[in-house]
Amino acid sequence: ATGQGEPPKPEATSVAVKPPLTERTPRGTYYIRLNWEPETIRVGNETRFNVEFLDDTQFPLNGVSYNFMVSNSNGTALLDLKNLFAETGTAAVQPIKFNSTGPAKVQVSINSVESRNLGGFVENADFDIGVAP
């Protein structure tokens, strides 16, 4: 039998990402844990992010210098902070408001730990998050 008109459009589904998210850096030296509240990130509402830095046994690190960047789906930086400092392994809260729905990315890069520069190595983690209407 032939169809009758245009088929119904599929309903969009999204995978809800729930905090905390933990990623290991590419060399395996550190873990970076991203947390935020409220749990559901919504357009126009403030979301408060914080970061924890852990060693390879997931013990908290002290004296971490880091960069924190949030970008939207087309790669435009919404927040790009450099040379922040987490004295006790947990970073200060970074508030942000998103102005559009869809995927977004948080990138955290470690610059130094306890005043030791990491040299030519890049220790970072990328976190894929989603922004709801």
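Start with the charges: the chain carries 11 positive and 15 negative ones, and the mean positions of these two sets lie 3 Å apart. Keep in mind that this is a predicted model.

Now look at the fold. The chain has nine strands and zero helices. Following the sequence gives the pattern β-β-β-β-β-β-β-β-β. How spread out is the chain, judged against a compact globule? The globule rule gives 14 Å for 133 residues, but the radius of gyration here is 18 Å, so the chain is more spread out than a compact globule. The C-alpha trace spans about 70 × 30 × 25 Å along its principal axes.

Next, consider contacts. Take those in the chain with a separation of 6 or more. Of these, 57% come from residues 24 or more positions apart.

Then turn to the surface. Among the 133 residues, 37% count as buried. The chain exposes about 8100 Å². Carbon and sulfur atoms supply 48% of that area.

Finally, pick out one residue, A16. Where is A16 found? A16 sits in the segment before β1, the strand that covers 21-24. Is A16 buried or exposed? Its relative accessibility is 56%, and exposed means over 50%, so A16 counts as exposed. Compare its position with that of A77. The two residues are 61 residues apart along the chain. In space, the C-alpha atoms of A16 and A77 are separated by 22 Å.

Terms used. Residues are numbered from 1 along each chain as its sequence is written. This is a predicted model: local features need pLDDT of at least 70, side-chain atom pairs count only at pLDDT 80 or more; totals for chains, interfaces and linings use all residues. Side-chain values use heavy atoms; hydrogens and water are left out. Helices (H or I, at least four residues) and strands (E, at least two) are DSSP runs, numbered from the N terminus. The radius of gyration is taken over C-alpha atoms; the globule rule is 2.2 Å times the number of residues to the power 0.38. Buried means under 20% relative accessible area, exposed over 50%, partly exposed in between (1.4 Å probe, protein chains only). Contact means heavy atoms within 4.5 Å. Accessible areas come from the Shrake-Rupley method with a 1.4 Å probe; for residues, only the protein chains shown count as cover. Lys and Arg count as positive and Asp and Glu as negative; His and the chain ends are not counted. The place of a charge is taken as NZ of Lys, CZ of Arg, CG of Asp or CD of Glu.
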